[in-house]
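Trainee: I've got the model open on my screen, and I'd like to go through the terms people use for it. Can we take them one by one?

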Amino acid sequence: MSRPHDSFSVISINHEVAPLEVRERYSMDDAKVATLYTTLKNKGKVEESLVLNTCNRFELYTQCEDGADAEFVLHTLANAYGVSPDELAGHLHLRSGRDAVQHLIEVAAGLRSQITGEAEIFGQVKAAYALSQEHGYAGKTINRVFQKGFQAAKLIRNSTTVGQGQINIANVAVDLAGKIFGELRSAAALSLGTGEIGEKTVKALRSRGAETFGIASRSQDRAEEVAREWGGTPRLLQDLESYLPEYDIVIASVGAEEAVLTRKIVKQCSSRRKGRPLFLIDLGLPRNIEQGCEDFDNVFLYNLDDLASIADENLAQRKEAVVDATAIAEQKSEFIWNAILKRREYERNQA
């Protein structure tokens, strides 16, 4: 049973409680995450910390010393964002003790993803844990919770149908493009970004019949590497303005603090496309495509939250599996948390 002030907690700003524009406001780049880690360590009351930072969620897991709890962490995080704790508290989930463990298992298993059951989140949680470990921010509690949590998440994915099929946000975006165009073979598509989502976008385009597609990266070498693997034309992101008019569908997943596709570029592109529709799908957070791009005739912009309706359809299909998976997460979190409490009691008695 969790207590309101357990020393282990998670603060989560995610798609369940915060719309896109709010998540965008509270997203952090790698430099800001590094600064947050250092600040928490220097505060002295936070013994362990781990940041999970994806396109749909920012989460801060902490283990505090006696006398400090999630409220202390909330104040520290609010200060990092430059807002009041009350303002920040209106856009987050705060869970502690066993509930925080269950939350982690559900996140790692894809139960709390916008596309229920998607697989990328497991790798993202593992990468966040590896970073925390590498820099010495993880300790006994976070190590125990995450290592056991990974086992529980694997059990859920292997013993239920919640992750059945190739579920990921890139596939959903390409399927949306397919619904719009009907036949991807007749459309020219462009993937902006060659990270994990960008590469999966290219793979999905190819598997769904796209014959004309481009791959844009800041690095010519990286664009050519992805093109050799999946086909398509390598492009330099910096030259986007020159080749954008050639494409009917643009799917963006670039790690950038500012939009890479601006209203100005789309305005110039529209005049050269002579009325042909242009579909833009923005998978970035912060957003890669300026909202003003949809101001022009025959330009249609979709973002992460627009994928929510597709996510709802996906959830309805997996409702029964989610019930089974949640029951496993609840059972495993109880076991993990009780083991941690017993270990702490043993250590106190030995001290």
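Mentor: Sure, and let's start with empty space. A cavity is a set of grid points where a 1.4 Å probe fits but cannot get out, and its volume is the space filled by probe spheres set on those points. By that reckoning, about 50 Å³ of space lies in the second largest cavity. Keep in mind that this is a predicted model.

Trainee: Which residues line the second largest cavity?

Mentor: The lining is made of I13, R23, Y26, S27, N53, T54, R57, F58 and L285. Sorted by class, that gives 4 nonpolar, 3 polar and 2 charged residues.

Trainee: How many cavities does a search of the whole structure find?

Mentor: With a floor of 30 Å³, the search turns up 2 cavities. The largest cavity holds about 160 Å³ of space. Its lining has 15 residues, and C55, N56, S113, E118 and Q124 are the closest to its centre. Helix 6 (residues 120-134) supplies the largest share of that lining, 3 residues. By class, the lining splits into 5 nonpolar, 6 polar and 4 charged residues.

Trainee: What makes a pocket a pocket and not a cavity?

Mentor: The way out. A cavity is closed to the probe, whereas a pocket is an open set of points with protein on both sides. The largest pocket here has a volume of about 920 Å³. Its lining counts 33 residues, with D30, N53, T54, C55 and Q124 nearest the centre. Helix 2 (30-43), strand 2, helix 6 and helix 9 (196-207) are the elements that give two or more residues to this lining. The class split is 17 nonpolar, 12 polar and 4 charged.

Trainee: And the second largest pocket, what is its volume?

Mentor: About 630 Å³. Of the 22 residues lining this pocket, S7, Q63, T141, R344 and R348 are the closest to its centre. Helix 14 gives the most to the lining, with 7 residues. At least two residues each come from strand 2, strand 3, helix 7 (140-159) and helix 14. By class, the lining of the second largest pocket has 5 nonpolar, 5 polar and 12 charged residues.

Trainee: Strand 2 keeps popping up. Why is strand 2 called largely enclosed by the rest of the structure?

Mentor: Count its buried residues. Strand 2 covers residues 46-53, and 6 of its 8 residues are buried, so the strand is largely enclosed by the rest of the structure.

Trainee: How do you know that strand 2 and strand 3 pair?

Mentor: Pairing takes at least two bridges between the strands. Strand 2 and strand 3 (residues 57-64) have 7 bridges, in the antiparallel sense, so they pass that test. With 3 residues between them, the two strands form a hairpin. If you want a spot to look at, V51 stands opposite L60 in strand 3.

Trainee: Why is F8 called buried?

Mentor: The cut-off for buried is under 20% relative accessible area. F8 has 0%, so F8 counts as buried. You'll find F8 in strand 1 (residues 8-14).

Trainee: What makes H103 buried?

Mentor: The reasoning is the one we just used. H103 is at 1% relative accessibility, and buried means under 20%, so H103 qualifies. H103 lies in helix 5 (residues 97-108). Leaving aside neighbours within four places in sequence, H103 is in contact with V10, S12, R57, E59, Y61, R95 and R112.

Trainee: What makes a set of residues a nonpolar core?

Mentor: The residues must be buried, come from a nonpolar list, and be joined through side-chain atoms within 4.5 Å. The largest core here has 60 residues, and F58, L77, Y81, L88, V125 and F146 have the most contacts inside it. Helix 14 (residues 319-350) provides the largest share of this core, 8 residues. Another core, of 31 residues, lies apart from it, with A173, A187, W230 and I251 among its members.

Trainee: Which residues does F146 touch?

Mentor: Not counting residues up to four places away in sequence, F146 touches L50, Y61, L104, V125 and Y129. As background, nonpolar side chains tend to be buried together in soluble globular proteins.

Conventions
Residues are numbered from 1 along each chain as its sequence is written. This is a predicted model: local features need pLDDT of at least 70, side-chain atom pairs count only at pLDDT 80 or more; totals for chains, interfaces and linings use all residues. Side-chain values use heavy atoms; hydrogens and water are left out. Buried means under 20% relative accessible area, exposed over 50%, partly exposed in between (1.4 Å probe, protein chains only). Helices (H or I, at least four residues) and strands (E, at least two) are DSSP runs, numbered from the N terminus. Contact means heavy atoms within 4.5 Å. On a 1 Å grid over the protein atoms alone, a cavity is a set of points where a 1.4 Å probe fits but cannot get out, and a pocket is an open set with protein on both sides within 12 Å along at least five of seven lines; lining residues have an atom within 4 Å of a point. Ala, Val, Leu, Ile, Met, Phe, Trp, Tyr, Cys and Pro count as nonpolar, Asp, Glu, Lys and Arg as charged, and the others, Gly among them, as polar.
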